[in-house]
Structure formats: C-alpha cells, structure tokens
Amino acid sequence: MADSFVNLSALQRVDPYIIEILESATQVALYKFCSSSNEWDKTGVEGTLFVYKRSAPPQYGFIIMNRLSKTNQVEPITKELELQREDPYLLYRNSKFSIFGIWFYDKNDCTKISDITTSLLQKETDKSRSQNRMRRASESDSAREQAIETVATTKNTDIISMLSKAQEIYSKNKSLPEEKLANEPKPIVENVNAPSDLVRPKPMRVVETTVESVQRASSPGHGESLSVEELFAVASKKPSPKNPNSGVKITSSPEIGRAHV
C-alpha cells in the first residue's frame, strides 16, 4: 500500500489528473522503429511502466517513468492507438503514426499489460462510437426541429403579412372622400315629391282577339267611345242564340274594340 501511494504521488507530479494505478511492470525498455533504416532504435527510456486512470479525458493511459533521465514516455489510450503483442515485446502505433516497441524483462508483465491496455482500448473505442451515434442523432433532431421552426416561422410571417395587408386595405377604404362615394351608382327610387305634370310611362295593354273581348269593347261605357251610327248598327244586328257569332266579323286593328258588320 505504501509503495502504491508513493508511486501514485510520483505520477501525480507528472500528471495531476491521475487518480488511480491500474497495472504496472517493473522493468521495461522503449524502442522506436526508424522507417528510413528499417531498424529499431533505442530511445534512452528505461524504467517502470504504469497503466493509470485519469479524472479528465483521455480517461486512460500509460507512462514509462525513466530512470536514465527526466524524459518520460507518456501515451494516452484512445481509439487511435493500435496494439500488437509479440512476446517479449508490445508493439504500438500512436495518434502521431509513430511506431514503438516496449521490451519487457518479464514475459508475464508483457501479457498482463497487453491484456489490460487492449481492454481499455476496446472500451474507449466503444465509447467513441456511442458518442458518435448520439451526436448524429442529436444533429438529426436539431435539423428536424430547425426545419419545423422554419416552417412555423414562415406560417406566422404569412399570417402576420395577411393581417397587415387586410388592415391596410380597411384603413384605405375608410379614408375615401365622401364625394367619391357620392358618385357611386345608387338604386332607382321613385321620387314622391316629383311634379304632377311629369310624364310617366304607362304599361302597354294586351290586345284581346276573342269574341268576348269584342263584345266587352262594344258595350257602352267600356273602352273607347262609339259613334251613334256604330252603336245602332251593333244594336240592330245582335247575334241569334243559335249562332252567337253570326253577322259579326272580328278583325284585329290598331283601334281596339271596333267591330265591323
């Protein structure tokens, strides 16, 4: 317990966000792969390796506390990290595409460090994928909400525009001059105060051509006045009961009510 507390305090002097030591290996040495010469070069970093947990992202990582100098090797465990175990080496490539090889004095240390770093790497990868899915869903929801809000704003704008236009038309019509309204056509209304000598149109009378109409027109006091000669002529030749229409010839003429024998 005392050694763990001392080691944690030493790590916190390098990184104050380290809160727990998850695993350690007593003796390791770090090599770096040189692509130009296709060889592994010593980095001058040797010491104890610690796998730790942090209180801030990135949440996990490992560090080699260098016994040869103050230059330590710190690597965060993120989804960009690639691992491969080749006993007694643990090979990895970091986010800067640099390739390193950690040599372990004890093969058992190589196995347990490889297992825990692989587990933490998988955890971080799953976490990153989950966050990406949530972010995409959130962006989709935000886009949908923005589209709905845009449609609602457009509708509100249209309604407000319509109301404003209606109010404008109402105000314009209300302010029309009285003389303009006076010139508008009005329905015809009979003027009871018109002069009595005003000539008014009379309805036309329908001309009846039946015998009854001629008889009515021939009777005194109906229709036009008959002359004395016409009156006696009609009276002297009244139709007999057997043939009411004998002796009477009906003609249509502009003079209504005349009968010719």
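This is a short tour of the packing and the charged pairs in a predicted model.

**Stop 1: the main core**

Start by selecting L49, F62, I102 and F104. These are the residues with the most contacts inside the largest nonpolar core, which has 21 residues. Now colour the elements around them: β1 (18-34), β2 (39-54), β3 (60-66), β6 (89-93), β7 (99-104) and α2 (107-174) each put at least two residues into this core. Which element gives the most? That's α2, with five residues.

**Stop 2: around L49**

Keep L49 selected and show what touches it, skipping its neighbours within four places in sequence. You should find E23, S24, A25 and V28 in the list, together with F62, I63, I64, I102 and I113. Two of the core residues from the previous stop, F62 and I102, turn up again here.

**Stop 3: a second core**

Next, pick L11, Y52, I63 and M65. They are among the seven residues of another core, which lies apart from the main one. Note I63 in passing: this member of the second core is also in contact with L49.

**Stop 4: a buried charged pair**

Time for the charges. The structure holds six salt bridges, and a good one to open with is R54 with D15, whose side chains meet at 2.7 Å, N to O. Follow the chain between them: R54 sits in strand β2, D15 in the loop between α1 (2-14) and β1, and they are 39 residues apart. Are these two buried or exposed? R54 counts as buried because its relative accessible area is 12%, under the 20% cut-off. D15 is at 14%, so the same label, buried, applies to it.

**Stop 5: strand to helix**

Go back to E23, which you met as a contact of L49, and add K112. Their side chains form a salt bridge at 3.7 Å, N to O. This pair ties strand β1 (E23) to helix α2 (K112), across 89 residues of chain. Both ends are partly exposed: E23 has a relative accessible area of 24%, and K112 has 32%.

**Stop 6: R85 and D87, then a network**

Finally, select R85 and D87. Their salt bridge has its closest N and O atoms 3.5 Å apart. D87 is partly exposed at 43% relative accessible area, and R85 is partly exposed at 36%. To finish, bring E23 and K112 back and add D109: salt bridges with shared partners join these three into one network.

Key
Residues numbered from 1 in each chain as written. Predicted model: local features only at pLDDT ≥ 70, side-chain atom pairs only at ≥ 80, totals over all residues. Heavy atoms only, no water. Core = buried A, V, L, I, M, F, W, Y, C linked by side-chain atoms within 4.5 Å. Buried < 20%, exposed > 50% of the residue type's maximum accessible area, 1.4 Å probe, protein only. Helix = DSSP H or I, 4+ residues; strand = E, 2+ residues; numbered from the N terminus. Contact = heavy atoms within 4.5 Å. Salt bridge = Lys/Arg side-chain N within 4 Å of Asp/Glu carboxyl O.
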